[in-house]
Amino acid sequence: MQNNNDSVLTFDKGVIARRAQVKLSQGTLPRSGTPQLWGGSGCGVICDVCEYPVQSAEITAEIQIDRSILSLHMHPQCYAIWEAERRAPREAPSEERP
Ligand SMILES: [Zn+2]
């Protein structure tokens with residue numbers, strides 16, 4: 001079962017959202033703070049959300065959280081998912097459905 005879309009990678013929003021949730025709960029990804037986006041181009045760096053490499057054609061988002069500077073690199077799609085997840089009300093972490 002493959003979706004042959006035009007997208008570079010097959011971004012499964014549900015899978016990435018779950019990864020973001022885990023990273024948020026582990027503290028790998030910050031839940032609070034004011035991110036500042038810096039335009040840039042990835043050069044094979046690993047996306048901090050989905051852990052796929054960010055290709056050179058894609059945008060990199062470096063996030064600066066208030067006092068501490070955190071350089072995260074993520075795809076635009078992953079940034080949107082992270083934003084949505086960290087703003088979403090916390091639910092029970094064990095929401096696993098096949
Ligand atoms: Zn990503």
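This passage describes the fold, the helix packing, the nonpolar core and several individual residues of a predicted model.

The protein chain holds two helices and two strands, and from the N terminus on these elements follow the order α-β-β-α. Of the 98 residues in the protein chain, 23% are buried. Contacts across the sequence are also well represented: among those between residues at least 6 apart in sequence, 54% join residues at least 24 apart.

A natural place to begin is the pair of helices. Two packed helices are described by the angle between their axes and the distance between the axes. Here, helix α1 spans residues 13-26 and helix α2 spans residues 76-87; their axes come within 9 Å and cross at roughly 55 degrees. That angle makes α1 oblique to α2, because it falls neither under 35 degrees, as a roughly parallel pair would, nor in the range of 65 to 115 that counts as roughly perpendicular. The crossing of α1 past α2 is right-handed. On the α1 side, the contact is formed by Lys13, Ile16, Ala17, Ala20, Gln21 and Leu24, and these meet Cys78, Ile81, Trp82, Glu85 and Arg86 in α2. By residue type, the contact of α1 with α2 divides into seven nonpolar, one polar and three charged residues.

From the helix contact it is a short step to the nonpolar core. The largest such core has 15 residues, and Val49, Met74, Cys78 and Trp82 are those with the most contacts inside it. The elements that give two or more residues to this core are α1 and α2, with α2 supplying the largest share, four residues. Two of the residues named for their core contacts, Cys78 and Trp82, also appear on the α2 side of the helix contact. Met74, for its part, touches Cys47, Asp48, Val49, Ala61, Tyr79 and Trp82 once residues up to four places away in sequence are set aside. Val49 and Trp82 are thus among the partners of Met74.

Ile16 offers a view of the same region from α1, the helix in which Ile16 lies. With 23 C-beta neighbours inside 10 Å, Ile16 counts as buried, since the cut-off is 20 or more. Apart from neighbours within four places in sequence, Ile16 is in contact with Phe11, Val49, Cys50, Cys78 and Ile81. The C-alpha atoms of Ile16 and Val49 are 7.0 Å apart in space, although these residues are 33 residues apart in sequence. Gly14 is also found in helix α1, but Gly14 is exposed, with 10 other C-beta atoms within 10 Å. Even so, 9.4 Å separates the C-alpha atom of Gly14 from that of Ile81, 67 residues away along the chain.

The segment before α1 contains Phe11. This residue is partly exposed, with 17 other C-beta atoms within 10 Å, a count that lies between the limits of 12 and 20 for exposed and buried residues. Leaving aside neighbours within four places in sequence, Phe11 is in contact with Ile16 and Gln77. The link to Gln77 spans 66 residues in sequence, with a C-alpha to C-alpha distance of 8.2 Å.

Finally, the loop between α1 and β1 (64-65) deserves a look, with Glu51 placed there. Most residues other than glycine have a negative phi. Phi of Glu51, by contrast, is positive, near 70 degrees. Glu51 is exposed, having 12 other C-beta atoms within 10 Å. Tyr52 is likewise in the loop between α1 and β1, yet Tyr52 counts as partly exposed, with 16 C-beta neighbours inside 10 Å. Tyr52 and His75 are 23 residues apart in sequence, and their C-alpha atoms are 9.0 Å apart in space.

Methods
Residues numbered from 1 in each chain as written. Predicted model: local features only at pLDDT ≥ 70, side-chain atom pairs only at ≥ 80, totals over all residues. Axes fitted to C-alpha atoms, helices over the stretch in contact; angles between N-to-C directions. Parallel < 35°, antiparallel > 145°, perpendicular 65-115°, else oblique. Left-handed = near helix turned anticlockwise from the far one by under 90°. Contact = placed C-beta atoms within 7 Å. Nonpolar A, V, L, I, M, F, W, Y, C, P; charged D, E, K, R; others polar. Core = buried A, V, L, I, M, F, W, Y, C linked by C-beta atoms within 7 Å.
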